[in-house]
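Student: I'm new to this structure and would like a close look at a single part of it. Could you take me through the surroundings of the ligand and then show me how that part fits with the rest?

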Amino acid sequence: MSAEELYSIKMRASKKENGTDVHISGAEKIVEAPDVDIFANALIERGMHHSKGEADALNLKINKVCKENIIYLDALSVETIEVETWEKGQEEIKKYLKETGIDNPQDVMQFLDETYAMRGAMLLDVDRLIRLEPDKKRGIRATNMDQERMKGDRIGNEKNHYEEAIVLATKVANCPGIIGEICISDDPEYVTGYVSSKEIGYRRITKMKRMGSEKGGRIFLFRGTDAEKQKAIDFLQNQHVIVRNVPKKIC
Ligand code: PML
Ligand code: MG
Ligand code: MG
Ligand code: MG
């Protein structure tokens, strides 16, 4: 990126269901000053007309980001494991957990069920097998991140699961105290998920759940002290990160 000022743009859209606000779409960008309006428009477009329904309310937040506070990270390397069934996909998660130094993968995987209703991710102490999020319903939201864009990159207003997930996984893998992540999408039609860490990179698994299922969620695997936990939460939520060299999806 050039010497332009940078701005963070965050969008959240919701609709009313039986009198309560239901989240339908959320996204963020970190962009140069002259591009704020075009990206803000793309995010409004994305939030207003989501496959989960038309929005009743949309919040857009734009804040200048202090350049000195940004960390630039290289995207995790990507590999794809093709599996025939979601059960085989679950076996791949077990394999990954063993590689990550977790002797009893099932102890960790049993927590996946609890992630489905959460807005954010679970922060799991893998040694004590306890959840560390201060708000168990909300979970931890990894935020304040985006990919670096080059001149001429197209500005789409649709969600790109793959690119957005690599950005998030790269930030999370570089977070102090985090030894890995498991992610299953909550979008019913999107069955590809991933496991990741700084050591193994971003490992896509082509089927992680049944087609049509909304059962998705994220677990950030944590190992460390209480003080380190605070640092991890602060990094995940507040540290601005721009990820370089995000591989483009070949559709
Ligand atoms: C999500 O729904 O945001 C999670 C997407 C996981 C992306 C997996 C991939 O295609 O690499
Ligand atoms: Mg999202
Ligand atoms: Mg959720
Ligand atoms: Mg989703």
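**The shell around ligand 1**

Tutor: Helix α5 is a good place to begin, since α5 gives the most to the shell around ligand 1, with three residues. Please keep in mind that this is a predicted model. Strand β12 (193-197) also takes part: like α5, β12 supplies at least two residues of the shell. If you would like to find the whole shell on your screen, look for H161, Y162, A165, C183, S185, D187, Y190, T192, G193, Y194 and R204, which surround ligand 1. By kind, the residues of this shell divide into five nonpolar, four polar and two charged.

Now stay with α5, as this helix has a place in another part of the picture. The largest nonpolar core has 56 residues, and α5 (residues 161-173) provides the largest share of this core, eight residues. So what is going on with such a core in general terms? In soluble globular proteins, nonpolar side chains tend to be buried together. Here, the residues with the most contacts inside the core are L124, A169, V172, F220 and F222. You can pick out L124 and follow its contacts: leaving aside neighbours within four places in sequence, L124 touches V108, F111, R131, I219, F220, L221 and F222.

The core also leads us to the domains. The chain is divided into domain 1 (6-65) and domain 2 (76-244), and the core draws at least three residues from each of them. The centres of domain 1 and domain 2, taken over C-alpha atoms, are separated by 22 Å. Where the domains meet, twelve residues of domain 1 are in contact with ten residues of domain 2. On the domain 1 side, β2 (20-32) and α1 (36-48) each supply at least two of the touching residues. That side divides into six nonpolar, two polar and four charged residues.

Finally, let's step back to the chain as a whole. The chain has six helices and 15 strands. Its radius of gyration is 18 Å, close to the 18 Å that the globule rule gives for 251 residues, so the chain is as compact as a globular protein of that length. The C-alpha trace spans about 50 × 45 × 35 Å along its principal axes. Of the 251 residues, 34% count as buried. Among contacts between residues at least 6 apart in sequence, 69% join residues at least 24 apart.

Terms used
Residues are numbered from 1 along each chain as its sequence is written. Chains are lettered from A and ligands numbered from 1 in the order in which they are written. This is a predicted model: local features need pLDDT of at least 70, side-chain atom pairs count only at pLDDT 80 or more; totals for chains, interfaces and linings use all residues. A nonpolar core is a set of buried Ala, Val, Leu, Ile, Met, Phe, Trp, Tyr and Cys residues joined through C-beta atoms within 7 Å. A residue is buried if 20 or more other C-beta atoms lie within 10 Å of its own, exposed if 12 or fewer, and partly exposed in between; C-beta atoms are placed from the backbone. Helices (H or I, at least four residues) and strands (E, at least two) are DSSP runs, numbered from the N terminus. Domain bounds come from an automatic or database domain assignment. Two residues are in contact if their C-beta atoms, placed from the backbone, lie within 7 Å. Ala, Val, Leu, Ile, Met, Phe, Trp, Tyr, Cys and Pro count as nonpolar, Asp, Glu, Lys and Arg as charged, and the others, Gly among them, as polar. A residue is near a molecule or strand if its C-beta atom, placed from the backbone, lies within 6 Å of it. The radius of gyration is taken over C-alpha atoms; the globule rule is 2.2 Å times the number of residues to the power 0.38.
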